[in-house]
Structures are given as C-alpha cells and as structure tokens.
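Reader: I am new to this structure and would like a close look at one helix and what surrounds it. Please go through that part step by step.

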Amino acid sequence: MFFIIFLSLVLFSACSINIKHKFPSKEISDLTMPGNKLKFKEIEGYENYKIIATHFRTDKQEIRYILGNKKAYRALKKNKLPLPEGSIVVKIGWKVKKMKNFNPALEAGTLQRVEYMIKDIHRFPDNPGNWGYARFVKNKGKYTVWAKGTQSCISCHNLAKQNDFLFSKYQSLH
Ligand code: HEC
C-alpha cells in the first residue's frame with residue numbers, strides 16, 4: 001500500500017513538472033499581438049512540430065526553420081492546398097555564425113524571432129486564406145511582440161497566393 005502511494009506521488013510530481021515546463025515562462029506565453037490578439041501561447045508545444053522547410057535569407061544572414069503542426073505538415077507533405085482549418089505554420093529565425101572549430105561552416109547562433117500563421121475562419125474571416133499572423137522578436141534574450149501590426153505580413157504573403165499564401169513548400173528528406 002505504502003509503495004503504491006509512494007509511486008502515485010512520484011508519478012504525480014513528474015507530471016506536474018512536465019506541465020510546468022511545457023512552455024517558456026508565463027511572461028512569454030502571455031505576449032499578445034496588439035491588433036489581432038494572437039498570443040505566443042497559441043503555439044505551445046511548437047518544439048514538437050515537424051520540419052516542413054529550411055530557408056536562408058542572404059541579406060539578413062539568417063537561417064530559418066519552417067515547422068508545421070500535424071494538420072499543416074500532412075497537407076503540405078501531400079501538397080494538398082488550401083491547408084485545412086486549424087493549420088499552424090511556425091517560422092524560427094537564427095542569426096548564423098562561423099563554426100569555431102571549422103571556419104567555412106556556418107551554424108545557428110542567436111535565435112532572433114518566432115513567428116506563425118494560423119488558419120482560423122472564425123477569427124480571420126476577412127483575411128486572405130483566413131490566415132492570422134503573429135511575430136515575436138527576441139532581442140538580448142528577451143521576447144517582445146512585433147508592434148507594427150500584420151498588414152505588411154498579409155500584403156507580402158499575397159505574393160504566394162497560388163500556394164495558399166505560403167512561400168514554403170514541403171522539403172523532401174529523401
Ligand atoms: C516582404 C515580404 C514578407 C513580409 C512583410 C512577411 N513575410 Fe513571412 N515570409 C516571407 C518569405 C519570402 C517567406 C519564405 C522565406 C523565409 O522563410 O524567409 C516567409 C515565410 C513565412 C512563414 C513560413 C510559412 C511560409 O509562408 O513559407 C511564416 C509563418 C511567416 N512568413 C510569417 C510572417 C509574419 C507573421 C509576418 C508579419 C509580422 C510576415 N511573415 C511578413 C515574406 C514576407
């Protein structure tokens with residue numbers, strides 16, 4: 001009996017630790033875009049999303065990972081457009097730096113941004129493709145919301161209209 005109680009306690013505390021550390025601090029998860037009210041919290045667990053594509057911006061010297069939740073990943077893998085309701089696509093950007101012990105190689109340095117697009121017909125009925133946009137910028141170790149709004153996101157992503165407003169295409173791993 002004692003053993004069972006002990007075991008349950010161990011399991012319970014392991015679970016609560018897990019929940020506690022599921023996402024960065026509350027300060028981060030509460031960050032909210034001023035215009036459309038999208039929160040950082042909305043993409044909780046994005047570390048487990050799958051890689052859809054990788055990009056490199058030569059002008060910004062930034063390497064980018066594009067990740068998708070299950071819905072987005074499945075659709076993009078099969079190139080089934082438009083993406084289904086509830087799809088989330090996340091982009092993470094890191095400044096690149098030279099590898100210390102092998103100079104010609106570049107590696108990811110400081111993380112500079114986490115941004116996402118979420119397909120939600122109820123919250124974004126008037127946005128092209130029903131996509132909502134959010135960007136969180138990391139500067140000197142601290143995240144802040146992108147205060148300039150999302151009009152520029154919408155306009156530029158219009159260039160990718162034929163691909164459901166996404167520039168990314170599934171990047172094969174084979
Ligand atoms: C001037 C054009 C431009 C603007 C403005 C822009 N984007 Fe993008 N976005 C791109 C391009 C090009 C890519 C693909 C290349 C890359 O990863 O940088 C991209 C990729 C993305 C992706 C990955 C999915 C995809 O379309 O490939 C997300 C998510 C994203 N942008 C979010 C945003 C958000 C949020 C904003 C506004 C805060 C924004 N973008 C503003 C051009 C733009």
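Author: In this predicted model, helix α3 spans residues 70–77, and its buried residues are Ala72, Tyr73, Ala75 and Leu76. In an α-helix there are 3.6 residues to a turn, so residues three or four places apart point the same way. The buried residues of α3 pack against three strands: β1 (50–57), β2 (62–68) and β3 (88–99). After α3 comes asparagine 79, with a positive phi near 55 degrees.

The strands that α3 packs against, β1, β2 and β3, belong to an open sheet of six strands, ordered β1-β2-β3-β4-β5-β6 with antiparallel pairing. At the edges are β1 and β6 (142–145), each of which pairs on one side only. On average, neighbouring strands of this sheet are turned by 30 degrees against each other, direction ignored. Further along the order, β4 and β5 pair in the antiparallel sense over seven bridges. Lysine 119 stands opposite tryptophan 131 in β5.

The strands also take part in the surroundings of the ligand. There are 22 residues around the ligand, and those that come nearest are His55, Cys153, Cys156, Phe167 and Ser168. Two or more residues of this shell come from each of β1, β2, β3, β4 (102–119), β5 (131–139) and α4 (151–157). Helix α4 gives the most, with four residues. Sorted by class, the shell has twelve nonpolar, five polar and five charged residues. Thus β1, β2 and β3 are packed against by the buried residues of α3, and these strands are among the elements that give two or more residues to the shell around the ligand.

Key: Residues numbered from 1 in each chain as written. Predicted model: local features only at pLDDT ≥ 70, side-chain atom pairs only at ≥ 80, totals over all residues. Buried ≥ 20, exposed ≤ 12 C-beta atoms within 10 Å, placed from the backbone. Contact = placed C-beta atoms within 7 Å. Near = placed C-beta within 6 Å. Nonpolar A, V, L, I, M, F, W, Y, C, P; charged D, E, K, R; others polar. Pairing = 2+ DSSP bridges. Axes fitted to C-alpha atoms, helices over the stretch in contact; angles between N-to-C directions.
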